[in-house]
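Work through the exercises below with the model open beside you. Try each task before reading its solution.

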Amino acid sequence: MTPTGARVPRAHAVDVMNRAGATHRTLDAEVEQIRREARRRFGGLVLDVANPGTHFRNRENRPIDRRVFQRAGELGLFGFSLPVEAGGAGRDKLAWGVVVEELSRLSRDPGLAVLIDISVEITELILSSGRPELIDRYVPDLVAGRRFGVQGAYENRDPYDYRSTARLDGDTWVLNGAKRFIAGACFADLFVLFVREESSNDMLAFAVEKDDPGVSAVPLDTMGLHTMGLGQVLLDDVRLPQWRLVWRADALSELNTYARIRRTMSACGVLGALDGVTEACVEALADRRRTGRRVLDHTNVERSVGELRMLLQTSRAAVHRALDGTRSPDRDPHFDEFATVAKHHAAECALRVGQVVMGLQGGEAYMATFPWERFMRDVLGLISGQGSQEMLLVQLGQRTIVGLEGRRVREEAAERNVAKLADAWWALHAATTTEPSEATRAVVAAARLDGLTAEDRAGCAAFLDRAHALVAAVRADRAPDALPPGPLGLPAGRPAELAAGARALLACALARETGLLARLLEPCTAAEAAGDLPKGLTEDLLAVLLDAGVVRQDADGRHLVDPGLERVLIGGPRTGAFAARLRRALAGGARLHTPGTPGTPADGTPAPSTPADGIREPVPGCGDEAAATTDALVSTALGQLEGLPALLDRPGARIGCAAADGGRSAAALARQIPFVPVLALDPDAPTAAPTDGTVEYRPGGAADFTPDDGLALAWLPAATLAADAVGPAVEAAAAALHPGGWLLLPCPLLPKRPLGAAAARLDLALTGGRAPDPAELEAALRSAGLTQLRTPWSDPALGLTLLAARRA
């Protein structure tokens, strides 16, 4: 408590919002510190050595004086980001990118920082070769600025279709071809050139010196960047010793790594130029007056300067984010999405900055004696390096498509992995049941377990005893300290494989029920993941799940659930469906393991269970799985069902549902389509009222819809219909529809795996459902006068599909 009379400090909003504390160091602060260091160490090089004479060198197409690079070497600029063992300072790429940005901001020559960075990265390429002959010959001179190196790769062709080639003649490589548009080609001492080997069609890289016989550099006449020494390098039977080979194979991967970082550094150069031209533009307008007022006081000018600042800051955010990403160990070594975005965005912003500056400067913007015209020319040259704008967008598009499709594949593979474990669980129960049915015999045959000996079945049955006892103990908060042993003494091969899968399914189901799987969405140790479970049992469960591929370990040994399972663990419709499938597997297995349920049919299949709440175990696609199918109706299928949205919007519109799951499907429809009343035909009482919408319950089944119901949509899960009930149910639902209304039938979608399909049929049989033949359903729909039959949604991972038909 506050002492009486003590003054309570006044609270401020910033105190609440700033949770990081005063010691937190932002990226901006780190960047600003490096920027100050760059100005202190290298500002004099730019302002005193490089900038003088820039205007006239540009006009006369003379490249930057080599003495600038020698002085840069003396100041340690070339070694700033190189490894200490190579004579550098060992700074990271964030720091180097900020240095490049600051050099570009201070420089009147946009090519200066670009050329320095190119030579630094050529040094890195040679260091990465790991070849002492190359490193000893070139790296010391490159770091000191006594040599200058550039790279030549692109020919506007596919790398494996290069016209520049290399062939091995005895112990000598012979190079022929040409590399055009190389920055610094007219004054570089060293070229790292990428060419195609004639015999293998592989991509190789060579260190080529300007004085090698057969090498010649030809200047290029370009729109801008006149001081960068742009040119072509021609190779005419250039003979090189084998030690000049930088990479013996797969130089394309090294080129991609080079291009990845070059894009970021190119964006740094553009960013610095943006900063410099914005500052220069505002300074040039400071003394101008118009209509008796300073030009800078006019609202339209303030708005234009604000746009310049916005373009600069958005570019800075993109570039600095890309630079910060270079420090991540998880970065893709061959393609950097943030670098590509930063390069594209900075270039687009530079073009817009040029337009705005030219509008502000008026006639001066078109005069070569002022810097504005040159900025536009040089920026056009800078944006073409490291890939055209269109190519960058194509690569980002390809990356996005591949990434999203890859994620979907990983998610489906993760769910299929669990489904295969469930197949093994069903197979073990089917093989050990004492009252086999047609459905269980089909599972045994598909699992290839017909030859199990009596001893093997006894071992599996004992394991299943322990498994179901464990489930009961965990649910009663009496979890043991360790996982009971699996089947003992099974012969190697198929029986042992299925037993391991069944044990993994048990572990997966218990891990989901106890929250263990959800906790593994973040990497954690066994102790952190345990929650209320004993540590020993947790460790055993994790070991089983690790062997089954459901759980992984990171480099630090911490456990993490397969990332593909995230979508079924974070909440939402798929989470409920995933949980329902696991619960149904445990419940169905328990009923197979303890047969003799009252009302068991003559073929031995246990009758659908009726729990204490009086509601049957719902068939697949209903109950907790209804959330997934109704979500698919709204998010995917609705737009494909012509006229249905308009019908649902009409006053008095109703939805009909006959799912026989205690109203859970009806409640899910009411949540997805609120404010449209749902008529639920169900022989069981509802478990709970829906949170949104209105549900009217009426006793009956699917055949009890009447023409007076006037439905816009009828929801009729096909798995709930017996063979002789399909026709009457479809006829009744069709008659209850308004003209233009739609009948939707959620249907089981059986796996293509023979064992998976047999297990799915057994699952259906245990809940009183079945998988109707598609031809049977189609015939019933057409017989009822329904048209426009289609399948607007299907999900193999969920094992569900929607069949739709419309009343004319």
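**Exercise 1. In the hairpin of β18 and β19, which residue takes a positive phi, and how many residues lie between the strands?**

Solution. The hairpin has 4 residues between its strands. Gly799 takes the positive phi, near 75°. Strands here are DSSP runs of E, at least two residues long, and helices are runs of H or I, at least four long, both numbered from the N terminus. Residues are numbered from 1 along each chain as its sequence is written. The model is predicted: local features need pLDDT of at least 70, side-chain atom pairs count only at pLDDT 80 or more, and totals for chains, interfaces and linings use all residues, while side-chain values use heavy atoms, without hydrogens or water.

**Exercise 2. Find the pairing partners of β19 and decide whether each pair is parallel or antiparallel.**

Solution. Two strands pair if DSSP finds at least two bridges between them. Start with β18: 6 bridges join β18 to β19, and the two run antiparallel. Thr787 has Arg806 of β19 as its bridge partner. Now take β17. It pairs with β19 over 7 bridges, again in the antiparallel sense. Here Pro746 stands opposite Leu802 of β19. Finally, check burial, meaning under 20% relative accessible area (over 50% is exposed, in between is partly exposed; 1.4 Å probe, protein chains only). Of the 8 residues of β19, 6 are buried, so the strand is largely enclosed by the rest of the structure.

**Exercise 3. Place these strands in their sheet and give the strand order.**

Solution. The sheet is open and has 7 strands, ordered β15-β14-β13-β16-β17-β19-β18. Its pairing is mixed. The edges are β15 (695-698) and β18 (786-795), each paired on one side only. From one strand to the next, the twist averages 20°. For a parallel pair, look at β16 (residues 711-715) and β17 (residues 737-748), joined by 4 bridges. Ala714 has Leu743 in β17 as its bridge partner. Then add the helix: α25 (residues 774-783) lies across β17, β18 and β19 (800-807). It runs at about 145° to β18; axes are lines fitted to C-alpha atoms, for helices over the stretch in contact, and angles run from 0 to 180 degrees between N-to-C directions.

**Exercise 4. At what angle do α12 and α15 pack?**

Solution. Two packed helices are described by the angle between their axes and the distance between the axes. Helix α12 (residues 389-432) packs on helix α15 (residues 494-513) at about 115°, and their axes are 7 Å apart. That makes α12 roughly perpendicular to α15 (65 to 115 degrees; under 35 is roughly parallel, over 145 roughly antiparallel, the rest oblique). The contact (heavy atoms within 4.5 Å) includes Trp425 and Leu428 of α12, and Leu498 and Cys508 of α15.

**Exercise 5. Which residues touch the most other members of the largest nonpolar core?**

Solution. A nonpolar core is a set of buried Ala, Val, Leu, Ile, Met, Phe, Trp, Tyr and Cys residues joined through side-chain atoms within 4.5 Å. The largest one has 112 residues, and Phe194 and Phe206 touch the most other members. Helix α8 (residues 251-285) supplies the largest share, 15 residues. Beyond four places in sequence, the contacts of Phe194 include Tyr162, Met203, Trp247 and Leu255.

**Exercise 6. Is Phe675 buried or exposed?**

Solution. Phe675 lies in the loop between α22 (664-672) and β14 (678-681). Its relative accessibility is 78%, so Phe675 counts as exposed. Its phi is positive, about 70°, although Phe675 is not a glycine.
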